Each structure stands twice: as C-alpha cells, then as structure tokens.
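Thanks for sharing this one with me. Here are a few friendly notes to read alongside the model.

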Amino acid sequence: MGSKNLIKRTAVAALGIGVVAGLSLGVAPVANAAGENIVFIQGVKGDGFYITMDCGVRAEAKKLGAKVTTEGPAKFDATLQRPILEAVVAKKPDAILIAPNDVKAMQKPLEAAKKAGIEIVLVDTTVNNPKFAVSEISSNNLAGGEQAFKAVEQLVPGGGKVMAMGVRPGISTTDARDKGFSDAVKASGSKYTFVSQEYSENEPAIAAQKMTAALAKNPDIKAVFASNLFSAQGVATAIKQAGKEGKIVIIGFDAGPDQVKALKDGTVQALIAQQPYDIGVQGVQQAVAKLKGEPTEKKITTGFTILTKKNVDTKAGKAAQYRAKC
Ligand code: T6T
C-alpha cells in the first residue's frame, strides 16, 4: 500500500495580487518496479507545455520502473488526435495519459479505450463526462482567468476596454480560462468593458490576424488576456507590429521561451505559468497506483506561478518557465 505525501505548492506572489495554490496529493514511489506500459498522448506536439509535462512523465516513470511512449498530433485538433488514440488502444498498453483535444469529440473514443481494459488518466484537459478516468489532473483554469483580470486591474487601474484571445470553443482548459476572465470583467462593474472574445485555433498567425482586426475595430483597447501559449505569442506579435507594445497590457497564460522573451522585452506584462512537470509526475503516479490496486485521487489541482519582469529571473521564476527539452 503506497503512503501519501501532502505537497503544498505555493505560487510566487508577484504584482501583489492573489496567489492560486494547488494542493497535490501524490502517491509515494514504490520500490518493486512492475514495468507498467504507459502511453502519454499530448494535446499537440512541439508545445513547451506538453514537452515540460513529458519531462515530468518520463522522470516519474523511470523512478517507478514504468515504460513510457509519447505520442501527439501535429495540431491541437481532435480529428488528428482520435486516430492516434485508437492506434494506441489497439496496442493495449496498461494505461494512457492524455490531454483530450475536445470535450465532446474525445468522449466516446476515451470511453472505448477504458472498455478495452486500459486505465485512463486525464492530464491538463478533460471531456464532458470524465467518469471513466482514474484521475483528472490540471490547473484551476477558471481561477487562472480570474487571476488574469486581477492583474489587469492592477496594471490598468483607470479601466477601459479589454478583450480575450482564446483557442477554440470545446477545449476545457482555455474555455474555463476565458470564462474566468470575462466573468470577472463583467462582475467588476462599469469601469472595464469586455469588447470581444476571439479565437486563435492555436495558431500564432491567426491570433495575430484576429488581434490586428480587433485593434482596427477598437483602437483604444487597454488590455488583452491570451489564454494559452500560441495565442499569447500571436497577440504579442500583432501589438508589436502596431507599435503599441507596453501601451496595451498583455496577460498571457503559459510560460514558454518565446513568451518569457516577450515578458522581458516589455511586450507582455504578466504570464500565468502552470506546473506541467508536476501534472506529468502526478499523472504517472495515479496510473501506476491504479494498476497496483492502490488508492487514487479523482481530481488533482496543481498551482500557478505569476511571472512578471520583477521575478522572472529569480530562482522560483526560472523554475516556473517551460522547457524546450528535458
Ligand atoms: O495552455 C496549455 C494547456 O494547458 C492547454 O490545454 C492547451 O494549450 C497549452 O498547451 C499551451 O499551448
């Protein structure tokens, strides 16, 4: 029986704004390696968030004596992810860790995987009814969107027009972040106006196009919330091209190398860094615990670190940044 460790994860309080801390319940490493066969299916290949998660997955699998293979679609798109999942299921691994690309489209394929006798752990994103899953491990995305608006309130105290650049409706994480942000704006009274919710399709070029169009319509936009890495990247490019860097506040989710650069050069004012490494570690722990008949946690919430120019180069700030490789 594996003992449990209570690990308190504390986010770095920057900007003097609130901190979201996640409490993680992990299963301690077991000495007798059983050699479980685990497949990790990323949301999309080549994304610093999932690369960092993969580092955590691999480190923990090594520790627990499990074998891991990593797969992922070339785009964040359920029509590409579904065949990958089905091919993996046909190989009958013991467990699958997956970040589903769509709340609806991935529901049935994942239920079918569970019916085939494979344990499913949902990492980062989820589906409409995750009942079949051993565990769901993610950031508190709704709270993340609310935190983004708190940052806007501090950085643009006079109020004004704000907007959000999401990814695509149907992605559990970014939908929750967008909702957290827009609800917080609307609840704040009349000082801030939420002018538009745009979507990037996870492509920086589309995010940049949409941002440029939004600026043409509302040149007096004061702040933008970009709810993931690629959206933030495109928003930053468009605002720079418009010569408005530093004049329009950008709050971005995630902390990939490109975003950290934009933070350092003043195009972006704050980044909400998730803990993808930790999500990967706990994902493997949950899968292995389930396969060994040990207790598991249905829902695990990991924390954030809010990065600004002030703390980005501190030890904690550096540790929060995503990796380009393990
Ligand atoms: O923000 C992360 C992840 O949490 C989200 O589900 C999809 O986008 C990222 O991978 C960043 O690109």
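1. Before the cavity lining, a word on terms: helices are DSSP runs of H or I with at least four residues, numbered from the N terminus. Please keep in mind throughout that this is a predicted model.

2. How many cavities of 30 Å³ or more are there? The count comes to two, and the largest holds about 140 Å³ of space.

3. Do have a look at the walls of that largest cavity. Its lining is made up of 17 residues, and those lying nearest the centre are Asp47, Tyr50, Asp124, Arg177 and Asn228. Two or more lining residues come from each of helix H1 (48-64) and helix H5 (172-187). H5 gives the most, with three residues. By residue class, the lining divides into seven nonpolar, six polar and four charged.

4. Where does the largest cavity sit relative to the domains? Domain 1 (31-138 + 275-302) and domain 2 (141-273) both give residues to the lining, so the largest cavity lies between them.

5. Two backbone angles in one loop also deserve a glance. Glu201 belongs to the loop between strand E9 (192-199) and helix H6 (204-217), and its phi is positive, near 60 degrees, in a residue other than glycine. Asn202 is found in the loop between E9 and H6 as well; it is not a glycine either, yet has a positive phi of about 65 degrees.

6. Are these loop residues buried or exposed? Glu201 has 35% relative accessibility and therefore counts as partly exposed. Asn202, at 8% relative accessibility, counts as buried, because buried means under 20%.

Note on methods: Residues are numbered from 1 along each chain as its sequence is written. This is a predicted model: local features need pLDDT of at least 70, side-chain atom pairs count only at pLDDT 80 or more; totals for chains, interfaces and linings use all residues. Side-chain values use heavy atoms; hydrogens and water are left out. On a 1 Å grid over the protein atoms alone, a cavity is a set of points where a 1.4 Å probe fits but cannot get out, and a pocket is an open set with protein on both sides within 12 Å along at least five of seven lines; lining residues have an atom within 4 Å of a point. Grid points are joined across faces, edges and corners, and a volume is the space filled by probe spheres set on the points. Ala, Val, Leu, Ile, Met, Phe, Trp, Tyr, Cys and Pro count as nonpolar, Asp, Glu, Lys and Arg as charged, and the others, Gly among them, as polar. Domain bounds come from an automatic or database domain assignment. Buried means under 20% relative accessible area, exposed over 50%, partly exposed in between (1.4 Å probe, protein chains only).
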